[in-house]
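Here is a walk through one protein chain, helix by helix. Keep the sequence beside the 3D view as you read.

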Amino acid sequence: MILQRIFALALLAVCAALAVMAWPYQAAFSYEPVGPRAYPLLMLGLMGVALLYLAVRPTPIVRKDDEPPLDRETLVKISGCVGLLIVFASTFESLGFILSAVLVGVPMARLYGGRWLHSLIVVGAMSLLLYWLFDRVMDVPLPLGLLDVLEN
């Protein structure tokens, strides 16, 4: 338990140091209103909150097995995830964010036991919500690809 807490505190110190290094960063040009330092600071902040929780939580995390065995099923899932991420990266520009996210998200959900209808509904809704969040709220342009005709 004490080693878990020490490790969490050490990583928290690393996150704090990286945040101090990222804070003054200013790009010579910026095509996004958020700027280039918002993403690393957001990720470091979320990691810091999680590490702080791990350092002060009341009970240790106990597992029967520290690492799952690398059996055939696990290797197939890992290979499937890597393959789907390659498909997402290769279709992102041509199909656009929404269609490529659905194309990759549904098989990813099925890979981990989701049902077809639930996977399609959740992944479709998440794709639309994430596109809206990036495009309208954060003003980060994402490609529409084949759905470009819907843009006004």
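Start with L18, which lies in helix α1. Is L18 buried or exposed? Neither label fits, because its relative accessible area is 39%, and burial requires a value under 20% while exposure requires one over 50%. L18 is therefore partly exposed. Now look across to P40. L18 and P40 are 22 residues apart in sequence. In space, their C-alpha atoms are 8.8 Å apart.

Step back to the whole chain. Bear in mind that this is a predicted model. The protein chain has five helices and zero strands. Its pattern along the sequence reads α-α-α-α-α. The chain has 152 residues, and 22% of them are buried. About 11400 Å² of the chain is exposed. Carbon and sulfur atoms supply 72% of that area. Contacts also reach across the sequence. Of those with a separation of 6 or more, 58% join residues 24 or more positions apart.

Return to α1, which runs over residues 2-22. This helix has 21 residues. From first C-alpha to last, α1 reaches 30 Å, close to the 30 Å expected at 1.5 Å a residue. Which residues of α1 are buried? They are R5, A8, C15 and A22. Seen down the helix axis, these fall within an arc of 105°, so they line one face of α1. The general rule helps here. An α-helix has 3.6 residues a turn, so residues three or four places apart point the same way. The face of α1 turned away from the buried side carries exposed residues: I2, L3, F7, V20 and M21. What do the buried residues of α1 pack against? Their partner is α2, residues 38-56.

R5 deserves a closer look. This arginine sits in α1. R5 counts as buried because its relative accessibility is 17%, and the cut-off for burial is under 20%. Set aside its neighbours within four places in sequence. R5 is then in contact with L54, A55, V56, R57 and P58.

Move on to the pair α3 and α4. Helix α3 covers residues 72-95, and α4 covers 97-111. The axes of α3 and α4 come within 8 Å and cross at roughly 170°. That makes α3 roughly antiparallel to α4, because angles over 145 degrees fall in that class. Which residues meet between these two helices? From α3 come K77, G80, C81, L84, V87, F88, T91, F92 and L95. From α4 come F97, L99, S100, A101, L103, V104, P107, M108 and L111.

Pick out L111 from that list. L111 lies in α4. It is partly exposed, with a relative accessible area of 25%. Leave out residues up to four places away in sequence, and L111 touches K77, G80 and C81. I78 gives another reference point. L111 and I78 are 33 residues apart along the chain. Their C-alpha atoms are separated by 9.9 Å.

Last comes α5, residues 116-137. This helix has 22 residues. Its first and last C-alpha atoms span 30 Å, close to the 32 Å expected at 1.5 Å a residue. Six names make up its buried set: S119, V123, G124, S127, Y131 and D135. Why do they share a side of α5? They cover an arc of only 120° around the axis, which puts them on the same side of the helix. The other side of α5 holds the exposed residues L117, I121, L129 and R136. The buried residues of α5 pack against α4. So α4 meets α3 residues and also takes the buried side of α5.

Finish at the end of α5. F134 has its place in this helix. With 29% relative accessibility, F134 counts as partly exposed. Beyond its neighbours within four places in sequence, F134 is in contact with D139, V140 and L142. One of these contacts, D139, comes just after α5. There D139 takes a positive phi of about 55°.

Note on methods
Residues numbered from 1 in each chain as written. Predicted model: local features only at pLDDT ≥ 70, side-chain atom pairs only at ≥ 80, totals over all residues. Heavy atoms only, no water. Helix = DSSP H or I, 4+ residues; strand = E, 2+ residues; numbered from the N terminus. Buried < 20%, exposed > 50% of the residue type's maximum accessible area, 1.4 Å probe, protein only. Contact = heavy atoms within 4.5 Å. Areas by Shrake-Rupley, 256 points an atom, 1.4 Å probe, with all protein chains shown as cover. Expected span 1.5 Å × (residues − 1). Arc of directions from axis to C-beta. Axes fitted to C-alpha atoms, helices over the stretch in contact; angles between N-to-C directions. Parallel < 35°, antiparallel > 145°, perpendicular 65-115°, else oblique.
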